[in-house]
Amino acid sequence: MDFLNALVALSNFVIIPAIAYGSQLALGALGVTLIYGILRFSNFAHGDTMAFGAMLAVLITWLLQSMGVSFGPLPTALLALPFAILGTMALVLFTDRVVYRFYREQKAKPVILVIVSMGVMFIMNGLVRFIIGPNDQRFADGERFIISVREFKAMTGLKEGLAIKTTQGITVVVAVICVALLFWFLNRTRTGKSMRAYSDNEDLALLSGINPERVVMYTWLIVAALATTAGVLYGLDKSFKPFVYFQLLLPIFASAIVGGLGSPLGAIAGGFVIAFSEVTITYAWKKVLKYMLPESLEPSSLVQLLSTDYKFAVSFVILIVVLLFKPTGLFKGKSV
Amino acid sequence: MSDTTRTAALFGLVFAMIALTGTMQSWNVALLILNMGLISAIMALGVNLQWGFAGLFNVGVMGFVALGGLAVVLTSAAPVEGAWSAGGWRIVIALLAGAGTIVGTVMVRQRMAAGRARNIATIAILVVGFFLYRGIFDPGVAAVEAINPALQGNLGGLNLPVLLAWPMGGLLAAGVAWLIGKTALGLRSDYLAIATLGIAEIIIAVMKNEDWLARGVKNVVGLERPVPYEIDLQNTSSFVNRAEGLGLDPATASSLFVKLNYSVLFAIVLVIIFVMAQLALKSPWGRMMRAIRDNEVAAEAMGKDVTNRHLQIFVLGSAVCGIAGAMMTTLDGQLTPGTYQPLRYTFLIWVMVIVGGSGNNLGAVLGGFLIWFLWVQVEPMGLWLMEVITAGMPEGSGLKKHLIDSAAHMRLLTMGVILLLVLRFSPRGLIPEK
Amino acid sequence: MTGNPYQDDRGNKDATIANPKGGSEMTPAVGTGKEMNTTDAFLVGDSMTGGYGKDGPDILHDCTIAVNPGEIAVIVGPNGAGKSTGMKAVFGMLNLRQGSVRLDGEDITSLSPQARVAKGMGFVPQVNNIFTSMTVEENLEMGAFIRKDDFLDTMEQVYGLFPILKDKRNQPAGELSGGQRQQVAVGRALMTQPKVLMLDEPTAGVSPIVMDELFDRIIEVSRTGIPILMVEQNARQALEIADKGYVLVQGRNAFTGTGKDLLADEEVRKSFLGG
């Protein structure tokens, strides 16, 4: 019984939150890794692209709510998501036309594009704050829980409760669908294969008649969809705040690099590695340990390895350790 | 137009704009812009050393600036009575134990042959070391933080003159930069960007949470000043007389006088660092740096230790940022870890360097002044613009209120637009590298 | 510092922000404005003079290379003679100051390499000539990217020419041996059903046994009627299978003739074939 209680506590406080957070990071890291593979630079504006997409979703959700539209037990934001994706796609394509394309024509070095993306980051950041302001916005509605602590306890008779938030369930389901679609697209369709070919060897792709502008356009479209989805899921799970998305840049970059930049599979693995390390190391283990250890050994302190404020430090240390032992990341960052 | 006249004209323009602020708004605002402009110029010089002369991508400027700020507290603040005996030494021992664990791990890994035994030993040392560290550390921290928590609860500083804190800030930043550089530079491809991005966040997290160090988000206020206090000046009859002679009321005059004092001090530091940077770059060392930047393979083939050179310049550039950070905290008179944000302290400095002209020290200085001026003045300009735009809208309309409220966020937008415009149409910056 | 500020990365080599792999190094040519017409052949690079970049020094001087259907033409010469440069010039990757490139009577001098592929030229670069992270079959598929019709027949033909590729069709091409990679590279180029095939040192870095096998395959390809233009380091073996040989020295045509003639030529043997 104690073992079961420990397991439930572990699931409730570590495993479920980490899976949800990991899915959000993975979706974010996928966008970063796609840009890195195909446009060949790390996009500093990615966090703000997520914020922009999420902002659109928030605004559309409010509009739908004011019109009395709802999605039953699911959050209305899911209905807003497709529109938000379209809006973000328009923004990134416009940015590419006005900003990035010029540098491609100039055959600019990737590091110049990194600096360019800083400028885009400033603009997007300003845009989001300009439109919706810098404050916290809540937009989640519908059922709050799939299983609540009380229901779980009544169901199982255990002392520990287990809660699964609707947003956590949705995060995982949506992330799985997105990833499946992405891999199907990259590995099974002509366009997807041409993207992989372009990422692998640009010159040979040109010689094979692959149109680079088309590849780049598809990349931005996919990135916009991934970023918006990641942004909305994160916002539903926590709350929407522009600055937080900017700060997500570090764990997202860390996920992409730990997995191996340019490798989509790596981005997903990296997202979960970072999420699980962050959650486990900043979790107070007392609750789990008190079931596992005999009473005499029961810990008096919280058994929290690091305070939650150091979660960035955790992603960073994991990153350094991986880079020291495997400089190319867990999955050799080869191509998209 | 020759290069020199162009440079002079650009600097003239920036200072004319600051002077215009003085006549149109107030000289207090103008001097504030000038003082922060001087500090920004120093930060830009630091980043320019790294990016402009060595191609090192440091996106953790914020961290080094914050370390400079921390140095001010640790150097110039008065020591908290009883803090050291209560737990200060314990904390130091704990930190040494932590460092010892890491050094021990590295040594064990070097001595032992690769294999399962080594991995087990590594994990064992790290786990034991971590709990040992926490075991010593936590009670020490609790003891220190229990001392007069409303006002103190930290170790305090060394009570040295505050001007000493500036080089100390540089040293502290240099030390951390050396640690980062040692790990992140020197593989076939480096990963300095992500390393600096991460370490900057960690430095801020430490400063926010380790209350025993500098009170965390409770802030340290009332730091010592290298210049007189306004209130003292207002009580000095000779000063009051002279101010009245100039036709100023004592309050304004004292505030201007204090700011001018800061300006002079900062200008001296800027000139020293600028001259040193120029001399260094004209020296054989600087020529070699540029040779490495322009053709690393050739430089390596000639037997130059590229990694070491990169490490040197990374440490130097970070030290300059640390000095500037210490100066800024001195100017503010308080350390507020919650206010450090990457957009303002990392990426804005990058905008300064790129806009001014990477690879050119004068360019970096110009960029520092110009971008800081715009950063401050875009807000009132944006407000004015919004008022013009919304002039025709009915009073009390939601859109009008929203637009006027949002004017404050114009500055981020403007900085992005400026950066992109310069990159596009003048990619070498306003004062290009020769 | 390079002339173009956008291409100045200040020696930065930070792989966490800038992807060093797979980027484009190709600079497309522009027309010459100085046309030449001295020879007639199916594919001819006529009196070409030029070098890399806008104002780089000339590497080719009045160099002419031509090939006709059913032929294997081989470019040989000492190191630095401009062999690969000559081939790149024909393929439009060089700034020519003088000369013309004609394919089947049509002037293609001002076309980009991609456009030349669309016109029916197949090119196998010396290095980076396969998509290493993609399977063999995907490599072939990408080769046929510009084709709108069904290319499965062509794929079967390629598998017929290179049976080993059929066995390894689902393996990533990067995991194959050197000789097999070259077969993938040639197979990829053949997927467009090119009117002419150009190979830049196809046997570089493979063992002598593999080299012989590759040459056999190339002869087989040539038997299907496709003219082949090839740059080779191993001059003697290459001239043995060549219908036409071009010996380049310092970017100029030094000797031209049938493979047999050149092998028999005293001077060629002395200076390039080691006696």
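Which side chain does the side chain of N129(C) contact through a polar contact? The partner is the side chain of Q182(C), at 3.3 Å. The model is predicted.

## N129(C) and its surroundings

N129(C) lies in a loop of chain C, between β6 (121–124) and α3. Is N129(C) buried or exposed? N129(C) has a relative accessible area of 6%, so this residue is buried.

Its neighbours come from two chains. N129(C) touches N201(A) and L204(A). Within chain C, N129(C) touches V124(C), Q182(C), A185(C) and R188(C). These contacts leave out residues up to four places away in sequence. Q183(C) offers a distance along the backbone: 10 Å separates its C-alpha atom from that of N129(C). The two residues are 54 apart along the chain.

## Chain C against chain A

Between them, chain C and chain A bury about 3,600 Å². Carbon and sulfur atoms account for 56% of that area. Chain C puts 41 residues into the contact, and chain A puts in 40.

How many salt bridges are counted between chain C and chain A? The count is 3. R196(A) and E138(C) form a salt bridge, with their closest N and O atoms 2.8 Å apart. Polar contacts also cross this interface, in 21 residue pairs, both residues at pLDDT 80 or more. On the side of chain C that touches chain A, the elements giving two or more residues are α2 (113–119) and α3 (136–143). Helix α3(C) gives the most, with 4 residues.

## Chain C against chain B

Chain C and chain B bury about 1,600 Å² between them. Of this, 48% is on carbon and sulfur atoms. The contact takes 14 residues from chain C and 25 residues from chain B.

The salt-bridge count between chain C and chain B is 1. Here E433(B) meets R10(C), and the closest N and O atoms are 3.4 Å apart. Both residues also belong to a network of salt bridges, in which R293(B), D294(B), E433(B) and R10(C) are linked. Across this interface, 8 residue pairs are in polar contact, both residues at pLDDT 80 or more.

## Salt bridges within chain C

Over all chains, the structure holds 25 salt bridges. Several sit inside chain C. One joins the side chains of E71(C) and K244(C), at 3.6 Å from N to O. This pair links distant parts of the chain, 173 residues apart. E71(C) is in the loop between β2 (60–67) and β3 (72–76), while K244(C) is in strand β9 (residues 244–249). Buried means under 20% relative accessible area. E71(C) is at 18%, so E71(C) counts as buried. K244(C) is at 19%, so K244(C) counts as buried too.

A second pair is E106(C) and K119(C), with the closest N and O atoms 3.0 Å apart. E106(C) is in strand β5 (residues 106–107) and K119(C) is in helix α2, 13 residues apart. E106(C) has 38% relative accessibility and therefore counts as partly exposed. K119(C), at 31%, also counts as partly exposed.

R217(C) and E213(C) form another salt bridge, at 3.4 Å from N to O. Why are R217(C) and E213(C) separated by about one helical turn? They are 4 residues apart in helix α7 (residues 208–223), which means about one turn between them. R217(C) is buried at 18% relative accessibility, whereas E213(C) is partly exposed at 34%.

## A nonpolar patch on chain A

Chain A carries a nonpolar surface patch of about 700 Å². Its residues are M1(A), F3(A), L4(A), L7(A), M292(A), L293(A) and L297(A). Which helix gives the largest share of the nonpolar patch? Helix α1 (residues 2–38) of chain A does, with 3 residues.

L297(A) sits in a loop of chain A, between α13 (286–292) and α14 (311–325). L297(A) counts as exposed because its relative accessibility is 56%.

Notes
Residues numbered from 1 in each chain as written. Chains lettered and ligands numbered in written order. Predicted model: local features only at pLDDT ≥ 70, side-chain atom pairs only at ≥ 80, totals over all residues. Heavy atoms only, no water. Patch = residues over 30% accessible without salt bridge, like charges linked within 9 Å, V, L, I, M, F, W, Y side chains within 5 Å. Areas by Shrake-Rupley, 256 points an atom, 1.4 Å probe, with all protein chains shown as cover. Salt bridge = Lys/Arg side-chain N within 4 Å of Asp/Glu carboxyl O. Buried < 20%, exposed > 50% of the residue type's maximum accessible area, 1.4 Å probe, protein only. Contact = heavy atoms within 4.5 Å. Buried area = accessible area lost by both parts, 1.4 Å probe. Polar contact = N/O pair within 3.5 Å; in protein donor to acceptor, adjacent residues only side chain to side chain.
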